[in-house]
Amino acid sequence: MQKINYQVNEKGYYGEFGGAWIPEMMFANIDELRRRYLEIIQLPEFIKELDQLFQDYVGRPSPLYYASRLSEYYGTSIFLKREDLNHTGSHKLNNTVGQILLAQRLGKTRIIAETGAGQHGVATATVCALKGMKCVVYMGALDVQRQAPNVKKMKMLGAEVVSVQSGNKTLKDATNEAMRDWIKNPEDTHYIIGSVVGPHPFPDMVARFQSVISREIKAQLLGKTGSEFPTRIIACVGGGSNAAGAFYHYLNHNQVELIGVEAGGKGVDTKDTAATLLVGSPGVLHASRTMLMQNRDGQITEPYSISAGLDYPGIGPLHSHLHKTKRAKYIATTDEEVLKAALLLTRKEGIIPALESAHALAALEKLKLNENDVNVINLSGSGNKDMETYLNAFNF
Amino acid sequence: MKNRINHLFETKKNNILSVYFTAGFPNLNDTVEIIQQLEKNGVDLIEIGMPFSDPTADGPTIQHSSEVALRNGMSLNLLFQQVKEIRKFVHIPLILMGYFNPVMQYGLEKFCATCKETGIDGVILPDLPLEEYEEHFKKFFLMNHLHNILLITPQTPDDRIRKIDDASEGFIYAVSSSSTTGEGKKVEDFNREYFERIQRMKPKNPVLIGFGISDRETFLNACNFANGAILGSAFIKAVQQKKILKVAIRDFVKSIIPPQ
């Protein structure tokens, strides 16, 4: 059997997915990035500074926690990779720390970002404060309302939060507006994309910064079980950055099952879903050829999920490729299943997960789990930001 | 038959006026009348906008017209139906402009063939990069005598302008400044150095300047540096403000073209 390549090729493709479908107005910036990113992020002094920040600022390595009561409940072994314990409460900071160091070395002085739930916005505003850079975060007007605490955090951190009024006023529209900003500010600005989406080299670059997750899982699992290789790794997928990071160092080890969990919303057979791989088709959005939720005419349709962080009609090209080649398996869990799973983890382990991460937990109900299996779940974020949703759902 | 774009530039060298409008705006069935009125009032070239849900290179005006057009029910299928007979009465060059995804879903090969049948002379797809075009799609354009119009910007280095000029037929679309559509810099801030750089390079293709051209002053200023200019957002605002399309178009074109 021919060995399948899961790394990006020199044109920015994973199989048939990816590329840089940019208008000429973005060419200079993207061209500079793709020519220089590998050389910069492999510089010894870059690696040294990044590792130091990961350790002392982000708080890495994040623990790999054996969830004994949850394991007992499901009759299997379950480890949680505690990305929720990172500074700012999610895996998002791994990427923004990496990209801000890159932006500095490119001589940029102004940072822009898009955000949905506000986690990436907060993580970007945080590193901009750390490095004294000007920061503008684009956020859909609807999300500004839904995620008020994160908006306040970004403002306190010194970022300007632009409330985006176009389209449906959510993550897709925020991304459109950030891209327009980059077109208008081609000289001094770096765009910190928050997921493994967008034009090459962003999907590869973000995956590399997030790959610290699986690098640590390998070492931690070896210490705890005597093997680097679990039976399976489970992670939620919106754009797909935490899953890309959790899968990264296992991509070429076919004995490890990789499970991506999409936001089913009210069900993948309804209109109210964000399960792009399960209901979408190939197309071009945000400068990438990937799987999209769209109508027959190629207009992008509005996704729906209880979690603002997974509410995106596209997905990173790496995941489209892993789906197509069947290297990873993608399933969806519904809002209802997700809420139950969040409460279960809270009551069994005393950990309140982010709504996004609870999608991965809900998958445990759908998978055939054996007693001797070793399951790793990437707990990508903390539930602090979701307390209002939880309180409304459970009527405490 | 010779491509009408080439014919235009052979017969007219200066002050070429190209107008962009979004198909399906303000009303779904305005397409044919807008094209006819633009030609009648002396416009040289028309760019018919194919609306897309996520127009990342466009400013607020075209975002809005695209949204309205889609809400009105515009699609590529419908647009081709509307302009099916257009060549019976319209003779100036027609270009389709829009984003790649709707064209991809329609099928690029079929799209190019339908353009030829309809009498479309060129296509502008800003998010179809030169490299993808040359590798995968050029053959379909050539087969159907359809020109792919490419963009350059103030950030485009000389060697890339050369490459784009070599790959172009018809004309080069020079984006006036770092901006999305309708938000260009004011006339006094015009990037003189950039336009002079293009002139010095003596491209083999004619050049039209677009983005931020909004009135006679900016139009004529652009014409000093190129063969002509493109107006889009300003035209959309004009048809939006006046109730009678015919009057709006007549007044708009009159406000741009200098009196003879």
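1. Let's start with how the two domains sit. In this predicted model, the C-alpha centres of domain 1 and domain 2 of chain A are 22 Å apart. Neither domain is one unbroken stretch of chain A: domain 1 is assigned as 14-53 + 92-206, and domain 2 as 59-90 + 210-394. When you colour the picture, give each domain both of its pieces.

2. Now for where they touch. Domain 1 of chain A puts 40 residues into the contact, and domain 2 of chain A puts in 41. Together the two domains bury about 3,300 Å², with 58% of that on carbon and sulfur atoms. On the domain 1 side, look up A:F17, A:N94 and A:K172: these supply 22% of the area that domain 1 buries against domain 2, more than any other three residues.

3. What about charges and polar pairs? Four salt bridges are counted between domain 1 and domain 2 of chain A. A nice salt bridge to find on screen joins the side chains of A:E16 and A:K324, at 2.8 Å from N to O. Across the interface of the two domains there are also 15 residue pairs in polar contact, counting pairs with both residues at pLDDT 80 or more.

4. Which elements of domain 1 face domain 2? Those giving two or more residues to that side include strand β2 (17-18) and helices α4 (92-105) and α5 (119-131) of chain A. Helix α8(A) gives the most, with five residues.

5. Last, the mix of residue types. The side of domain 1 of chain A that touches domain 2 has 16 nonpolar, 17 polar and seven charged residues.

Methods
Residues numbered from 1 in each chain as written. Chains lettered and ligands numbered in written order. Predicted model: local features only at pLDDT ≥ 70, side-chain atom pairs only at ≥ 80, totals over all residues. Heavy atoms only, no water. Domains from an automatic or database assignment. Contact = heavy atoms within 4.5 Å. Buried area = accessible area lost by both parts, 1.4 Å probe. Polar contact = N/O pair within 3.5 Å; in protein donor to acceptor, adjacent residues only side chain to side chain. Helix = DSSP H or I, 4+ residues; strand = E, 2+ residues; numbered from the N terminus. Nonpolar A, V, L, I, M, F, W, Y, C, P; charged D, E, K, R; others polar.
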